[in-house]
Amino acid sequence: MHSIAEAEAATASQPLAQPSPGMGQGGISQAAPGNERSPAPANLPVLVDSHCHIVFRNFDDDLDEVAARWRQAGVCALVHACVEPGEIAAIRALADRFPELRYAVGVHPLDTQHWCDDTVAVLRQAAGSDPRVVAIGELGLDLFRERNLDRQLEALRPQLDLAVELGLPVIIHCRDAAEAMLAELTPRAAQGRLPRGVMHCWGGTPEEMEAFLALGLFISFSGTVTFPKAEAIQACARLVPADRYLVETDCPFLAPAPRRGKRNEPANVATVAAKVAELRAESLEAVALTSSRNAAALFGLPLHNV
Ligand SMILES: [Zn+2]
Ligand SMILES: [Zn+2]
């Protein structure tokens with residue numbers, strides 16, 4: 001995909017496209033007829049919220065204001081996660097409404113009641129019918145809230161296979177399940193059956209991070225990196241290689257400090273990036289550039305000059 005090549009060819013000395021009127025706020029190349037917006041302030045960091053859920057009902061009343069805030073914050077692209085196929089039509093409608101939005105299709109490990117015999121076919125059809133589908137997910141394992149590992153694996157394995165079949169990356173949700181996830185992914189890597197992907201909303205230790213990095217996966221930091229007791233996550237943010245991390249909100253969940261407990265929204269990815277920058281002793285601009293370039297490379301996002 002040309003945007004990956006662009007991302008890989010880009011160098012740190014190249015400026016990012018700045019949000020400007022009529023160009024999709026920072027580089028999404030598809031114009032949206034009739035979707036006029038005011039220009040964002042100049043010199044913003046160009047950010048990608050690599051994981052959001054604005055399809056949830058708590059955005060019903062004020063989504064235009066939420067979008068205005070993410071554009072003002074410099075968010076030029078968003079990747080919308082999917083927890084079950086019943087959401088896909090509504091997420092696709094959001095992509096029609098917001099041209100900077102791309103999305104995934106998949107079944108979350110806590111939504112396996114939606115997994116049935118034809119789910120792979122449904123996901124395959126959805127991914128094949130819209131080029132704005134850039135990933136399979138979110139999929140994974142969650143042993144924090146549920147103990148139904150076998151059922152979760154029944155939904156996880158075919159989705160990993162589908163991602164390999166379609167050449168798409170995966171968005172991996174892994175909570176209190178690093179050992180089980182590594183047991184699943186490591187043999188796949190040896191067999192050439194592991195898709196590219198990202199460990200989203202990273203919440204593990206540096207040792208676990210190293211194991212997932214060794215499988216070629218990206219690590220994505222959410223608002224949890226701002227929480228005072230998140231020492232392991234903060235250590236990971238310091239240690240992760242520059243070419244392997246993303247930032248995300250996972251909104252409406254996990255609002256970063258000091259808004260913890262409130263509804264989260266994509267604009268707050270700037271707070272996540274600022275915390276990562278502080279931990280890495282880098283500028284916000286550098287972290288925004290790096291994480292946006294990584295997201296563009298992983299998902300094939302059509303960002304200009306990233
Ligand atoms: Zn998740
Ligand atoms: Zn999510």
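**Exercise 1. Find the stretch where pLDDT stays under 50, and put it beside the figures for the protein chain.**

Solution. Start at the N terminus: over residues 1-41 pLDDT stays under 50. The model still has 77 contacts beyond four places in sequence for that stretch. Keep in mind that this is a predicted model. Next, take the chain: its mean pLDDT is 88, and 85% of its residues reach 70 or more. Then look at burial, where 51% of the 306 residues count as buried. Last, take the contacts in the protein chain with a separation of 6 or more: 72% of them come from residues 24 or more positions apart.

**Exercise 2. Work out the strand order of the open sheet and say which strands stand at its edges.**

Solution. First, the inventory: the protein chain has eleven helices and eight strands. Now walk across the open sheet, which has eight strands in the order β1-β2-β3-β4-β5-β6-β7-β8, with parallel pairing. At the edges you find β1 (47-52) and β8 (245-247); each has a single partner strand, so one side of each is left without a neighbour in the sheet. On average, neighbouring strands of this sheet are turned by 30° against each other, direction ignored.

Now add a helix. α4 (residues 88-97) packs on the sheet and touches β2 and β3. The direction of α4 makes about 165° with that of β3.

**Exercise 3. Describe how β3 (residues 101-105) is covered, and which strands β3 pairs with.**

Solution. Count the burial first: five of the five residues of β3 are buried. Then sort them by direction. L101, Y103 and V105 point one way, R102 and A104 the other way. That fits a general pattern: in a regular strand, side chains alternate between the two faces of the sheet. Here both sets are buried.

Now the partners. Three bridges join β3 to β2 (residues 75-80), and the two run parallel. V79 is the residue opposite R102. β3 also pairs with β4 (residues 133-142), again in the parallel sense and over three bridges. In that pairing A104 has A135 of β4 as its bridge partner.

One pairing further on, six bridges join β4 to β5, which run parallel. There L141 stands opposite C174 in β5.

**Exercise 4. Place A104 in the largest nonpolar core.**

Solution. Begin with the core itself, which has 90 residues. L47, A104, I136, A273 and V276 are those with the most contacts inside it. Among the elements, helix α11 (residues 284-299) gives the most to this core, with eight residues. Now zoom in on A104. Leaving out residues up to four places away in sequence, A104 touches, among others, V79, C82, V133, A135, I136 and I171.

**Exercise 5. Show which residues of α3 and α8 are buried and which are exposed.**

Solution. Take α3 (residues 63-72) first. The buried residues are V66, A67, W70 and R71. Because they cover an arc of only 135° around the axis, they lie on the same side of α3. Turn to the face pointing away from the buried side and you meet the exposed D64 and E65. After the helix comes G74, with a positive phi near 95°.

Now repeat the steps for α8 (residues 206-214). E208, M209 and F212 are the buried ones. Their arc around the axis is only 100°, so they too sit on the same side of the helix. E207 and A214, on the other side of α8, are exposed. What do the buried residues of α8 pack against? The list is α7 (178-191), β6 (197-199), β7 (218-221) and α9 (231-239). Just after α8, G216 takes a positive phi of about 90°.

**Exercise 6. Decide whether A177 counts as buried or exposed, and find what A177 touches.**

Solution. Locate the residue: A177 is in the loop between β5 (170-175) and α7. Count C-beta neighbours inside 10 Å; there are 21. The cut-off for buried is 20 or more, so A177 counts as buried. Finally, check the contacts: beyond four places in sequence, A177 touches L141, D142 and L143. For L143, the C-alpha to C-alpha distance from A177 is 5.7 Å, although the two are 34 residues apart in sequence.

Conventions:
Residues are numbered from 1 along each chain as its sequence is written. Chains are lettered from A and ligands numbered from 1 in the order in which they are written. This is a predicted model: local features need pLDDT of at least 70, side-chain atom pairs count only at pLDDT 80 or more; totals for chains, interfaces and linings use all residues. A nonpolar core is a set of buried Ala, Val, Leu, Ile, Met, Phe, Trp, Tyr and Cys residues joined through C-beta atoms within 7 Å. A residue is buried if 20 or more other C-beta atoms lie within 10 Å of its own, exposed if 12 or fewer, and partly exposed in between; C-beta atoms are placed from the backbone. Helices (H or I, at least four residues) and strands (E, at least two) are DSSP runs, numbered from the N terminus. Two residues are in contact if their C-beta atoms, placed from the backbone, lie within 7 Å. The arc is that of the directions from the helix axis to the C-beta atoms. pLDDT is the predictor's confidence in each residue, from 0 to 100. Two strands pair if DSSP finds at least two bridges between them. Axes are lines fitted to C-alpha atoms, for helices over the stretch in contact, and angles run from 0 to 180 degrees between N-to-C directions.
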